[in-house]
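Q: Hey, can you walk me through this one? I'd like the overall picture and then some details.

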Amino acid sequence: MGIPLIDFSKLTSTDSAERAGEIKQLDTACREIGFFYLINTDIDQALVSRMMTAAKRFFAQSEEEKLKIDIKNSVNHRGYGRVGEEQLDEVNRADWKETFDMALDLPSSHPLVQKYPKMHGPNQNPTDPIVVETLHDYYLTAFGVSQALLQSMAEALDLEPDFFSRCFTDHVTVLRMIHYPPRPSVEHDNGAGAHTDYGCVTLLLQDDIGGLEVKHRNGEWMQATPMEGALVVNIGDLMQRWTNDEYVSTAHRVRASASGVHRYSFPFFVEPDYETNVACVPTCQSEDKPAKYEPIYSGDWIQSRFDATYAYRESEKSNA
Ligand SMILES: O=C(O)CCC(=O)C(=O)O
Ligand SMILES: [Fe+2]
């Protein structure tokens with residue numbers, strides 16, 4: 001009953017028997033727990049070290065400097081979020097973490113920015129060019145991994161291989177850096193409150209500190225212990241909806257770091273084009289199991305979740 005291990009090099013292997021075997025394992029993981037470790041991806045150790053260095057450089061700046069790119073000043077959810085800005089668990093305490101979010105940078109004149117200004121538009125970049133370049137390189141590499149993974153999932157679900165990946169032309173995939181500073185008191189043990197992710201899949205790179213916990217079906221919390229060279233991947237709500245609850249979006253949370261300990265992690269939230277019509281995939285419905293959810297635009301769904309969990313978007317909750 002642990003978190004299963006999936007080998008990316010086997011998913012993309014030219015040996016069809018090997019590929020088919022690994023796709024089956026992937027399918028089981030997505031149905032039973034919605035979480036897995038992904039090893040042997042194209043994200044090499046050099047890129048991982050560059051990300052760790054970039055995050056430390058960025059978050060080590062003064063609060064004043066970081067607030068120059070405050071996420072509150074961005075209509076499209078890009079930039080720096082100070083400690084307390086996000087509360088993933090809508091009932092308990094705010095998260096003890098600071099963040100930086102970036103996505104595809106579209107100019108204000110782009111038609112999609114005009115149409116969906118709260119999701120598309122320019123990034124608010126850090127001033128350090130090394131940090132910007134590193135984030136850019138990581139974004140592209142992780143995106144490549146995510147698309148190959150979505151192709152394997154489509155095959156696992158007996159769909160055309162590009163069923164999901166064809167919905168990623170002007171997508172709203174977000175790369176986030178998170179810094180969990182040491183917690184202020186023993187009582188404040190909330191690094192990130194219990195939540196499910198909103199999008200298709202999340203690819204998480206984490207350092208070796210640990211703290212991520214995953215809720216098993218039986219209600220017990222399991223540790224997603226850091227594994228060198230592995231990403232932790234999980235299914236998001238949109239994919240659960242798309243597959244009529246066949247693939248499960250599982251709750252997870254992060255324990256706050258102990259006194260004196262800093263943790264860094266990098267979720268990559270894989271989210272399709274705004275106008276992707278998320279309607280039950282053909283192979284996940286039958287007479288016995290009709291579609292449970294109304295079709296929805298992917299972007300409308302994701303935006304409603306941001307509005308529910310961000311302090312600065314509080315006033316928009318009632319419109320969500
Ligand atoms: O930092 C982590 O390990 C996980 C963060 C997370 O679950 C999220 O940001 O959605
Ligand atoms: Fe998450």
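A: Here is a quick tour, from the whole chain down to single residues.

Q: Sure, what kind of model is it, and how are things numbered?
A: It is a predicted model, where local features need pLDDT of at least 70, side-chain atom pairs count only at pLDDT 80 or more, and totals for chains, interfaces and linings use all residues. Residues are numbered from 1 along each chain as its sequence is written, while chains are lettered from A and ligands numbered from 1 in the order in which they are written.

Q: How many helices and strands are in the chain?
A: The chain has eight helices and 14 strands. Both are DSSP runs numbered from the N terminus: H or I with at least four residues for helices, E with at least two for strands.

Q: And what radius of gyration does the chain have?
A: The chain has 19 Å, which agrees with the value near 20 Å for a compact globule of 320 residues. That radius is taken over C-alpha atoms, and the globule rule is 2.2 Å times the number of residues to the power 0.38. Along the principal axes, the C-alpha atoms fill a box of roughly 55 × 40 × 40 Å.

Q: What share of the residues is buried?
A: Buried residues are 41% of the 320 in the chain. Buried here means 20 or more other C-beta atoms within 10 Å of the residue's own, exposed means 12 or fewer, and partly exposed is in between, with C-beta atoms placed from the backbone.

Q: What about contacts in the chain, say between residues at least 6 apart in sequence?
A: Of those, 73% join residues at least 24 apart. A contact means two C-beta atoms, placed from the backbone, within 7 Å.

Q: Switching to the core: which residues have the most contacts inside the largest one?
A: Met153 and Leu203 do, in a nonpolar core of 75 residues. H6 gives the most to this core, with ten residues. A core is a set of buried Ala, Val, Leu, Ile, Met, Phe, Trp, Tyr and Cys residues joined through C-beta atoms within 7 Å.

Q: What does Met153 touch?
A: Leaving out residues up to four places away in sequence, Met153 touches Leu26, Cys30 and Phe164.

Q: Tell me about H6 itself. How far does it reach?
A: Helix H6 covers residues 129-156, 28 residues in all, and reaches 40 Å from its first C-alpha to its last, close to the 40 Å expected at 1.5 Å a residue. The expected span is 1.5 Å times one less than the number of residues.

Q: What comes just after H6?
A: Asp158, with a positive phi of about 60°, although Asp158 is not a glycine. This residue sits in the loop between H6 and strand S5 (174-180). Asp158 is exposed, because 12 other C-beta atoms lie within 10 Å.

Q: Which other residue has a positive phi near 60°?
A: Asn40, again a residue other than glycine. Asn40 is in the loop between strand S2 (35-39) and helix H3 (45-59), and counts as partly exposed because it has 14 C-beta neighbours inside 10 Å.

Q: Back in H6, what does Thr141 touch?
A: Thr141, which is found in helix H6, touches Asp42, Ile43 and Leu47, not counting residues up to four places away in sequence. The C-alpha atoms of Thr141 and Leu47 are separated by 9.3 Å, though the two are 94 residues apart along the chain. With 16 other C-beta atoms within 10 Å, Thr141 is partly exposed.

Q: Now the ligand: which residues are around ligand 1?
A: They are Ile178, Ala192, Asp197, Leu204, Gln206, Leu212, His252, Val254, Ser265 and Pro267. Strands S7 (201-206), S11 (252-255) and S12 (263-270) each give two or more residues to that shell. A residue belongs if its C-beta atom, placed from the backbone, lies within 6 Å of the molecule.

Q: How does the shell divide by polarity?
A: Into six nonpolar, three polar and one charged. Ala, Val, Leu, Ile, Met, Phe, Trp, Tyr, Cys and Pro count as nonpolar, Asp, Glu, Lys and Arg as charged, and the others, Gly among them, as polar.
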